[in-house]
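Reader: I am new to this structure and would like a close look at a single part. Please pick one helix, go through it slowly, and then place it among the rest.

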Amino acid sequence: MNRRLFPLLTGLSLVIFVTAPILIVRAPYESTMGLVQKIFYFHFPSWMAMFFTIFILGISSVIYLFRRKPVADRLAVAAAELAVVFGLMGLITGPLWGIKAWGVWWQWDARLTMAVILELILVAYLLLRQYGGPGSDRLAAGLGVFAMANVPFLYISTEIWRTVHPRTSVVPTLPVDFGIPLWWSFTGFIVLCLALLTARGRLEEQRAAVDKLYLALEEE
Amino acid sequence: MSEFLRVAWLVVRKDLRVELRSKELLFTTLFFAVSCVLVFAFGFVRGGRAVDGAAPGILWIAIAFSGTLALGRAFERERYHDALRGLLMAPVDRPAIYLGKLVGLLLLLTVVEAVLVTMVAFLFQAPLFQYPFRLYALLSLGTIGFISVGTLFSAMLVRTRNRAVLLPVLLYPVTIPVLIMGVSGTAALVQPEPDLAMARLWITLLLFFDVVFVTLALWTFEPVMTE
Amino acid sequence: MDCYHMRVLLVVVGLVAIGGLGPVPVVAQLTEAAQDGFVPMGDIPPEDQLPAAPLLVAAYAVVWAIAIGYLWTIWRRLGTVEQELAEVARRVKSKD
């Protein structure tokens with residue numbers, strides 16, 4: 001399944017990403033932020049993709065903890081790495097937007113803080129998997145569950161704290177002219193995410209196959 | 001249910017009894033907490049006066065650091081002589097062991113925090129005792145949140161190679177919400193015009209956090225600790 | 001240090017670099033500037049266009065670079081593992 005799925009997904013996401021700039025250029029300018037607001041069309045979907053992968057990480061961690069399915073573990077690792085990647089995209093495009101729109105590279109407002117903390121948790125997950133030694137797959141699954149459970153708490157704080165970030169409610173009330181390129185890019189990111197997941201999952205699969213062969217070698 | 005609590009209580013009693021003989025964990029953690037606050041005192045004092053508004057942050061950081069120190073050694077005794085395996089093989093609900101360890105650590109930290117609050121109030125001239133009940137609520141809920149995650153992680157890592165460095169690496173990012181809520185709540189109490197409504201909000205959020213994460217820890221303790 | 005370690009290290013360094021750019025003390029002004037929504041506009045004054053364009057281009061370039069870069073690291077790791085797989089498979093076969 002992986003053999004055909006990956007090229008298909010990659011091709012699809014490429015198509016979406018190549019056509020996205022056309023839609024983005026045609027979208028109207030935002031009245032106070034002007035041209036630089038167009039970073040939004042990549043910035044927001046990359047965060048959504050990050051949340052999507054954290055969700056996958058959490059669910060597959062639960063499945064791995066309670067059902068011990070190896071597929072779930074592979075998916076969890078892939079999802080964690082991807083979440084770091086998408087988070088990095090968001091963390092870099094954000095300040096590039098912010099320096100023009102707000103005048104500062106960085107602000108410790110709640111949304112940005114949450115972004116950094118989530119990224120930290122995910123890097124910690126990867127460090128655990130890398131340096132935890134044997135048995136770290138199970139431990140990492142525990143951490144994955146906690147990471148997913150943490151997201152709402154981190155998110156809630158944005159509703160309480162004052163923030164310079166555009167409020168989340170911007171998206172539901174977006175005028176259609178802004179909405180189309182946004183959702184197009186969003187689809188592109190999700191498809192890209194799925195493509196990368198299959199690729200990364202395949203890597204884990206092959207690693208597991210090598211381990212099995214080594215065991216077979218030792219048995220003889 | 002009562003069996004569950006009984007087992008938890010047995011674990012607490014065992015740890016208390018062992019601890020009271022040597023008082024090793026208590027004294028070393030207390031001393032560490034005190035030195036921590038002193039280091040902050042040297043770092044955050046300008047011209048002989050404490051920097052404004054630093055007290056809540058310093059208090060909670062000291063709690064976090066002392067807590068991590070205590071957590072690192074929470075399962076230390078069980079590592080020797082296969083005591084951990086014996087504990088896990090006992091025909092009891094495993095989460096009860098977790099609960100027992102959690103309560104034991106909370107008791108330790110209660111003593112440490114009593115000292116910490118007094119020191120911080122004194123050294124940084126912060127009116128921490130102005131609203132003692134709310135402060136108590138913040139501290140206890142915050143500590144429960146922090147230690148509940150920490151006990152699980154500490155148990156998880158007990159047989160791991162790099163556990164000493166991995167515990168803080170895993171623990172701090174996941175418990176940052178607790179720190180944020182605790183510091184903000186304490187700041188709301190200590191600021192020149194105390195904002196009691198905000199403090200109550202943070203206390204409520206901390207309560208939610210505790211409920212969610214203690215439940216999660218109880219739920220995942222068993223599968224995480226099984227071979 | 002193999003490529004996996006390098007990647008994790010690069011991510012951490014990148015994060016530290018981003019965080020280290022630091023908050024700037026313009027908070028007081030900025031908290032008033034919170035927006036409630038996007039408001040569409042037709043034309044923008046020309047002086048607004050130039051400074052923003054490099055940032056916009058940089059943002060898109062970064063996203064593409066990270067995506068392609070990550071894909072490349074997967075491809076490279078996959079290559080190494082598949083080589084190892086072939087090698088071990090050969091050894092197992094020759095033992096039979």
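Author: The answer below takes one helix pair, then other parts of the same chain, and then the other chains.

The model is a predicted one, in which local features need pLDDT of at least 70, side-chain atom pairs count only at pLDDT 80 or more, and totals for chains, interfaces and linings use all residues. Residues are numbered from 1 along each chain as its sequence is written, while chains are lettered from A and ligands numbered from 1 in the order in which they are written.

The part chosen is helix α7 of chain B, residues 132-156. Helices here are DSSP runs of H or I with at least four residues, strands are runs of E with at least two, and both are numbered from the N terminus. From its first C-alpha to its last, α7(B) reaches 35 Å, close to the 36 Å expected for its 25 residues at 1.5 Å a residue; the expected span is 1.5 Å times one less than the number of residues. Of those 25 residues, 19 are buried, so α7(B) is largely enclosed by the rest of the structure. A residue is buried if 20 or more other C-beta atoms, placed from the backbone, lie within 10 Å of its own, exposed if 12 or fewer do, and partly exposed in between.

One partner of α7(B) is helix α8 of chain B, residues 163-190: the two axes come within 10 Å and cross at roughly 175°. That angle makes α7(B) roughly antiparallel to α8(B), a label for angles over 145 degrees. Axes are lines fitted to C-alpha atoms, for helices over the stretch in contact, and angles run from 0 to 180 degrees between N-to-C directions. On the α7(B) side the contact includes B:G142, B:G145, B:F146 and B:V149, and on the α8(B) side it includes B:V174, B:V178, B:M181 and B:G182. Contact means that the C-beta atoms of two residues, placed from the backbone, lie within 7 Å. By class, this contact has twelve nonpolar, eight polar and one charged residues. Ala, Val, Leu, Ile, Met, Phe, Trp, Tyr, Cys and Pro count as nonpolar, Asp, Glu, Lys and Arg as charged, and the others, Gly among them, as polar.

Elsewhere in chain B, B:V112 lies in helix α6, residues 94-123. B:V112 counts as buried, with 23 C-beta neighbours inside 10 Å. Leaving out residues up to four places away in sequence, B:V112 touches B:T29, B:L30, B:A33 and B:S66. From B:V112 to B:G182 is 17 Å, C-alpha to C-alpha, with their positions 70 residues apart in sequence.

Helix α9 of chain B covers residues 196-225, and its end C-alpha atoms are 42 Å apart, which agrees with the 44 Å that its 30 residues should span. A kink of about 30° lies in α9(B) at B:W219, shortly before the proline B:P223; the bend is the angle between axes fitted to the seven residues ending at a residue and the seven starting there. B:T204 also sits in α9(B) and is partly exposed, with 14 other C-beta atoms within 10 Å.

Chain B also meets chain A, where 27 residues of chain A are in contact with 25 of chain B. The largest share of the chain A side, 15 residues, comes from α5(A).

Conventions: Parallel < 35°, antiparallel > 145°, perpendicular 65-115°, else oblique.
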